[in-house]
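This report was prepared for a reader who is beginning to study protein structure. Please keep the sequence and the three-dimensional view at hand while reading.

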Amino acid sequence: MDTYLETGRLALRRFTADDADLLIELDSDPAVMRYLTGGDPTAPELVRERYLPNILAGYEKWGGDLGLFAAHEKDGGAFIGWFILRPEPEGPLDEVELGYRLRQAAWGRGYATEGSRALLGKAFTELGVRTVWAETMSVNHGSRNIMEKLDMTLTDTIPTPSDMEMVEGSEHGGVRYEITKEQWEQQETPR
Ligand SMILES: CC(C)(COP(=O)(O)OP(=O)(O)OC[C@H]1O[C@@H](n2cnc3c(N)ncnc32)[C@H](O)[C@@H]1OP(=O)(O)O)[C@@H](O)C(=O)NCCC(=O)NCCS
């Protein structure tokens, strides 16, 4: 396995061209897609023709250091979903987005927090990142809880993108959280 990062329970790796079915299955669960599309699955041809090629192109662009990474349980190897650590397409490399999308079977076990915490550490200590940001819908409490557990700071409210207006709770808009390298270092320093 082309391991990118390991945590106590998880191994993150780069996706390959053979992984379309994992992504299609993940996005076929209405509960997973609830705050992303309102529950609609992602069309399999979109995954095969656009999403997966974009993920692989990202590894080329960022030398395999940034992008979308598949997460597996170290114990048994089950695919549990993915994490993102990725700059904007034309943005600076030291400002990256953190994101996560996990299979429902893996929820509620602290995996999103565990993977995200390790990604923050890698970003700030190995990858030269200065700021990590994350955005979600205001009503996506599961996602916001992770950002708060990581001691990220709520920095802004954001409008709902026009293609998400049909999503439940979209009238409440979205939120942006950030953490800087300095803030992360302070929280790592024993007080
Ligand atoms: C959001 C998501 C990543 C959470 O993953 P997870 O592995 O269950 O998260 P964790 O177990 O690390 O939970 C983090 C905290 O949030 C809490 N939490 C999880 N889901 C919650 C929910 N629906 N409502 C309120 N709190 C929730 C957990 O209890 C935990 O807090 P605690 O440790 O104090 O109990 C997962 O539910 C998911 O992939 N959802 C679908 C995709 C999605 O919405 N992604 C985010 C888009 S921005």
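The following report treats the annotated domain, the paired strands, the nonpolar core, the shell around the ligand and two single residues.

**Model and domain**

The structure is a predicted model. The UniProt record, an unreviewed entry, places the feature "domain: N-acetyltransferase" at residues 10-182. The C-alpha atoms at the two ends of residues 10-182 are 26 Å apart. Helix makes up 29% of this span, and strand makes up 28%.

**Paired strands**

Strand E3 covers residues 67-73. Five of its seven residues are buried, so the rest of the structure largely encloses E3. Strand E2, residues 10-14, runs antiparallel to E3, and strand E4, residues 79-87, also runs antiparallel to E3. Farther along the chain, strand E8, residues 174-180, pairs with strand E6, residues 131-137, and E8 pairs with E7 too. The table gives the bridges of each pair.

| Strand pair | Sense | Bridges |
|---|---|---|
| E2 and E3 | antiparallel | five bridges |
| E3 and E4 | antiparallel | six bridges |
| E6 and E8 | antiparallel | seven bridges |
| E7 and E8 | antiparallel | five bridges |

Individual residues show how these pairs are aligned. Arginine 13 has alanine 70 of E3 as its bridge partner, while histidine 72 stands opposite phenylalanine 79 of E4. In the other group, alanine 134 stands opposite tyrosine 177 of E8, and isoleucine 158 has glycine 174 of E8 as its bridge partner.

E3 and E4 form a hairpin with five residues between the strands. Within this hairpin, glycine 76 has a positive phi near 100°.

**The nonpolar core**

The largest nonpolar core holds 40 residues. Those that touch the most other members are Phe69, Ala71, Phe83, Leu120 and Ala123. Helix H3 gives the most to this core, with six residues.

Which residues are in contact with phenylalanine 69, leaving aside its neighbours within four places in sequence? They are Tyr4, Leu12, Arg13, Arg14, Trp82 and Phe83.

**The shell around the ligand**

The ligand is surrounded by 22 residues, of which the closest are Ala112, Thr113, Thr136, Gly142 and Asn145. Three elements give two or more residues to this shell: strand E5 (95-102), helix H3 (111-125) and helix H4 (141-149). H4 provides the largest share, six residues. By character, the shell contains eight nonpolar, eleven polar and three charged residues. H3 therefore appears in two parts of this account, giving residues to the core and to the shell around the ligand.

**Two single residues**

Aspartate 151 lies in the loop between H4 and strand E7 (153-158). Its phi is positive, near 60°, in a residue other than glycine. Most residues other than glycine have a negative phi. Is aspartate 151 buried, exposed or partly exposed? Aspartate 151 is partly exposed, because 14 other C-beta atoms lie within 10 Å, and this count falls between the limits of 12 or fewer for exposed and 20 or more for buried.

Glutamate 188 belongs to helix H5, residues 181-188. This residue is exposed, since 11 other C-beta atoms lie within 10 Å. Although glutamate 188 and glycine 121 are 67 residues apart in sequence, their C-alpha atoms are 9.4 Å apart in space.

How values were computed: Residues are numbered from 1 along each chain as its sequence is written. This is a predicted model: local features need pLDDT of at least 70, side-chain atom pairs count only at pLDDT 80 or more; totals for chains, interfaces and linings use all residues. A residue is near a molecule or strand if its C-beta atom, placed from the backbone, lies within 6 Å of it. Helices (H or I, at least four residues) and strands (E, at least two) are DSSP runs, numbered from the N terminus. Ala, Val, Leu, Ile, Met, Phe, Trp, Tyr, Cys and Pro count as nonpolar, Asp, Glu, Lys and Arg as charged, and the others, Gly among them, as polar. UniProt positions are given in the numbering used here, feature names are shortened, and annotations may be inferred rather than shown by experiment. A nonpolar core is a set of buried Ala, Val, Leu, Ile, Met, Phe, Trp, Tyr and Cys residues joined through C-beta atoms within 7 Å. Two residues are in contact if their C-beta atoms, placed from the backbone, lie within 7 Å. Two strands pair if DSSP finds at least two bridges between them.
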